[in-house]
Amino acid sequence: MEFLNEIQTTVFWVGLWQIILVNIVLSGDNAVVIALAARSLPPRQQKQAVFWGAGAAVIMRIILTIIAVEMLKWPWLKLIGAVLLLWIAVKLLLPEDGDGDDVESSDNLWAAIKTILIADLVMSLDNVIAVAAAAKGSISLLVLGLAISIPLVIFAATMLMKVMDRFPIIITIGAGLLGWVSGDMAATDPVVKAWVDAHAAWLHWAAPAAGAIFVIVTGRWLAARAKKKEQVVDLA
């Protein structure tokens, strides 16, 4: 009954779309890891490695994110998470240093599954924090959002990567959304929420907007600097 009431609210659907978009944007690297880890297997075993490895990673991700949702109710953790999420969002706009060649492939099915699981665990911190923040304490919203978005990442990874390469604006929108979520986290931390509600309710939209603007401006500036530096090195 509580779930039926929840899905009738605008907040629920906005949060659901945020979780799906954030998870798709941030899971590009995870999808590449899955492909690289299974690349040396026979075709039939490749499908099995992707299915079982990604399935185990999904379960692990949901458990970690539920834990993160509960932890974000503690004082100060949302403020700390907001700062971390800002950096994650800015990094999303920076040129990549590598292409994943350091991911070890395997000709053994179980070894490939283990590689996928370990790599996903190491790389999932950004996803866990961002999705937990977008869920805003709703476990049903969290599970539904992950259930929809993770299969999209697993079974349409190649297409998603091509679309993002062709339309880089998707990455910028995703980074801006992370900045928005970060600002919202900061304004709703238990340490400041009561004061904000009473004296500065405008921060509930101003902080997210400032977070989105900060991420896009800072990310593009750092990306331009990195590109300029790379050109200087190439000329030298």
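Ile59, Ile63, Leu64, Ile67, Met71 and Trp74 come together as a nonpolar patch on the surface, and their accessible area adds up to about 560 Å². Keep in mind that this is a predicted model. Below is a quick tour of that patch, the loop and helix that come up alongside it, and a spot in H12.

**The patch and helix H4**
- One of the patch residues, Ile63, sits in helix H4, which covers residues 43–71.
- Ile63 has 48% relative accessibility, so it counts as partly exposed, given that exposed starts over 50%.

**The loop between H4 and H5**
- Trp76 is located in the loop that links H4 and H5.
- Its backbone is worth a look: phi of Trp76 is near 80°, a positive value in a residue that isn't glycine.
- Most residues other than glycine have a negative phi.

**Helix H5**
- H5 runs over residues 77–92, and at 1.5 Å a residue its 16 residues should span 22 Å.
- The end C-alpha atoms of H5 are in fact 22 Å apart, so the model agrees with that expectation.
- Which residues of H5 are buried? They are Lys78, Gly81, Ala82, Leu85, Leu86, Ile88, Ala89 and Val90.
- In an α-helix there are 3.6 residues a turn, so residues three or four places apart point the same way.

**Ile213 in helix H12**
- Ile213 belongs to helix H12, residues 203–235.
- Is Ile213 buried or exposed? With 56% relative accessibility, it counts as exposed, because the cut-off is over 50%.
- Ile213 and Leu177 are 36 residues apart along the chain, and their C-alpha atoms are separated by 9.8 Å.

Methods:
Residues numbered from 1 in each chain as written. Predicted model: local features only at pLDDT ≥ 70, side-chain atom pairs only at ≥ 80, totals over all residues. Heavy atoms only, no water. Helix = DSSP H or I, 4+ residues; strand = E, 2+ residues; numbered from the N terminus. Expected span 1.5 Å × (residues − 1). Buried < 20%, exposed > 50% of the residue type's maximum accessible area, 1.4 Å probe, protein only. Patch = residues over 30% accessible without salt bridge, like charges linked within 9 Å, V, L, I, M, F, W, Y side chains within 5 Å. Areas by Shrake-Rupley, 256 points an atom, 1.4 Å probe, with all protein chains shown as cover. Salt bridge = Lys/Arg side-chain N within 4 Å of Asp/Glu carboxyl O.
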